[in-house]
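Please open the structure in your viewer and keep the sequence panel beside it, since the tour moves from the chain as a whole to single side chains. At each stop there is something to select, followed by a short account of what is there.

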Amino acid sequence: MKTQQHFVAAAASAVIASAPLAHAFTSPSNGGCSSCSVTVSRHSPLHMAPSYDSIDAQALLELENRISSVIQADPSSPLALSLGRHAPSPLSMEEAAAQNGMPWDTTIGRTDEENPLLYMPFWEWQLEFMQDSLSNLHPIDCSTLSDTDVTFKENKEKRARIVNQCYASDEYRKIRMTYYDAGDSVQVFNSVWYPDPKYNLPVLGIDILSFNRKKYLAIVDFQPLHEDEDDHATTYEHILQPIKEKYDNLKGRMSSKFYDETQFFSKEMLFARFEDGKIVDNDLLPAFKSYVKTHLNLVQSTPPSTNPQDVQAVFDRQRAYDTYSADRDPAAGLFAAMFGKQWAEDFIYDFLFSLGERSEDGLNLSPPMFGGPPPGAAGKGGPPQKGVNPYAKENKAAQSVPRL
């Protein structure tokens, strides 16, 4: 897979640099070139450059052994063959965090507010927490399969812009952060934390939106990979329940316009739709911080699996999560309107949910919905339905979501 190839290439580059291995690759022109290199394509398997005619079998075996030693020496290092990992960015943490002027302190859009960037405190706190708490945190590649740079996009005419940053650590194979700014019209903070698949644990999903400073929508959840909570390496809803219990304003039920509560949502999901902006600072921000801290504690206290089959099974469930989420992203219509339908599709399928498969029906471009019981009503949530695979093409009927 493409993400694995990045690390094979990195390991190969590191060990080939060793002088004793230089004779492993010989060319017809000089019979052995110590400065020759391996050609690596970002989206194709590792292959030797055409200039090499022969490979010394013994030296190649030594190369393979050294790569294996590098990978096995530190299973949590970026060189490890961990499923779903992306190529490290050449930027330092400081450079990555400051890209495109982040964190912004002024809006590109129209505003009557003193704090027009409503959710920037969420962004800043999360990034600081990640830097203080995660092991070997580093920025990762932020481009799509078509090599489109999605770190920043703007529509000057409509006064809207979006910025994206991606990171990885020993604990998480990918943490992506998105901020969308269109002044008082729309503010969005979105982030998804994917644990390394050696941890059979839920994905941390965060989606917080504001429309005209009159309508607010928020979802923060430990999104389960399995139908039964007990099928995860560690149960977690019991540690979320006391947090959620503190915030009556975050106990709403989502509309079924986009999502089915019984798939990839937990019983302790924080869900809110409200019109009082004070809830953002008074309830949503502290609850968000608690859920983020709790998720990291869960990962760090869970023993990683060393069984390749178990790791692959978790990775497959993360792929299923991406497919499900991409097909139902409520912001698809917003992205398409501001940046074009093609850009929106590439952004959602190749970046936001890069493990997912593209839907034959394309994106759902309907606007976000605010249906469901009023805030304060208990949300049942729930994990993926038993016996239903909503990602298989032959189960298209099961894949449909009830519409209001």
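pLDDT is the predictor's confidence in each residue, on a scale from 0 to 100, and it comes first here because this is a predicted model. Colour the chain by that value: the mean pLDDT is 76, and 66% of the residues reach 70 or more. Now select residues 1-54, where pLDDT stays under 50 and for which the model has 97 contacts beyond four places in sequence. Residues 257-261 also stay under 50, and here the model has 32 contacts beyond four places in sequence. Where pLDDT is low, the predicted coordinates should not be read in detail.

Next, show the whole chain as a cartoon, in which 10 helices and 10 strands can be followed. Of the 404 residues in the protein chain, 55% are buried, and the accessible surface comes to about 17,600 Å², with 50% of that area belonging to carbon and sulfur atoms. Among contacts with a separation of 6 or more, 72% are between residues 24 or more positions apart.

Which residues have the most contacts inside the largest nonpolar core? Select Phe189 and Trp193, which hold that place in a core of 53 residues; then add helix H6 (residues 278-300), which gives the largest share of this core, 11 residues. Apart from this core lies another, of 40 residues, including Ala160, Val188, Tyr194 and Ala326. In soluble globular proteins, nonpolar side chains tend to be buried together. Returning to Phe189 and leaving aside residues up to four places away in sequence, you will find that Phe189 touches, among others, Tyr119, Phe122, Trp123, Met177, Ile206, Ile208 and Phe288.

From there, move to Asp196, in the loop between strand S7 (186-195) and strand S8 (203-211). Is this residue, Asp196, buried or exposed? Asp196 is buried, because its relative accessible area is 2%, which is under the 20% that sets the limit for buried residues. Show side chains as well, and a polar contact of 2.8 Å appears between those of Asp196 and Arg85.

A further loop, between helix H5 (237-245) and strand S10 (270-274), holds Lys251, a buried residue with a relative accessible area of 10%. The side chain of Lys251 makes a polar contact with the side chain of Glu245 at 3.2 Å, and another polar contact, of 2.9 Å, joins the side chains of Lys251 and Asp248. If you then mark Glu268, 17 residues from Lys251 along the chain, the C-alpha atoms of the two are separated by 8.5 Å.

The last stop is helix H7 (residues 308-327), whose 20 residues reach 29 Å from first C-alpha to last, close to the 28 Å expected at 1.5 Å a residue. At the start of H7, look for a side-chain oxygen of Asn307, which reaches to within 2.8 Å of the backbone nitrogen of Gln309. The buried residues of H7 include Val311, Val314, Phe315, Gln318 and Tyr321. An α-helix has 3.6 residues a turn, so residues three or four places apart point the same way. Arg317, also in helix H7, is partly exposed, with a relative accessible area of 22%. Finish by selecting Arg317 together with Pro224: although they are 93 residues apart along the chain, their C-alpha atoms are separated by 9.4 Å.

Key:
Residues numbered from 1 in each chain as written. Predicted model: local features only at pLDDT ≥ 70, side-chain atom pairs only at ≥ 80, totals over all residues. Heavy atoms only, no water. Helix = DSSP H or I, 4+ residues; strand = E, 2+ residues; numbered from the N terminus. Buried < 20%, exposed > 50% of the residue type's maximum accessible area, 1.4 Å probe, protein only. Contact = heavy atoms within 4.5 Å. Areas by Shrake-Rupley, 256 points an atom, 1.4 Å probe, with all protein chains shown as cover. Polar contact = N/O pair within 3.5 Å; in protein donor to acceptor, adjacent residues only side chain to side chain. Core = buried A, V, L, I, M, F, W, Y, C linked by side-chain atoms within 4.5 Å. Expected span 1.5 Å × (residues − 1).
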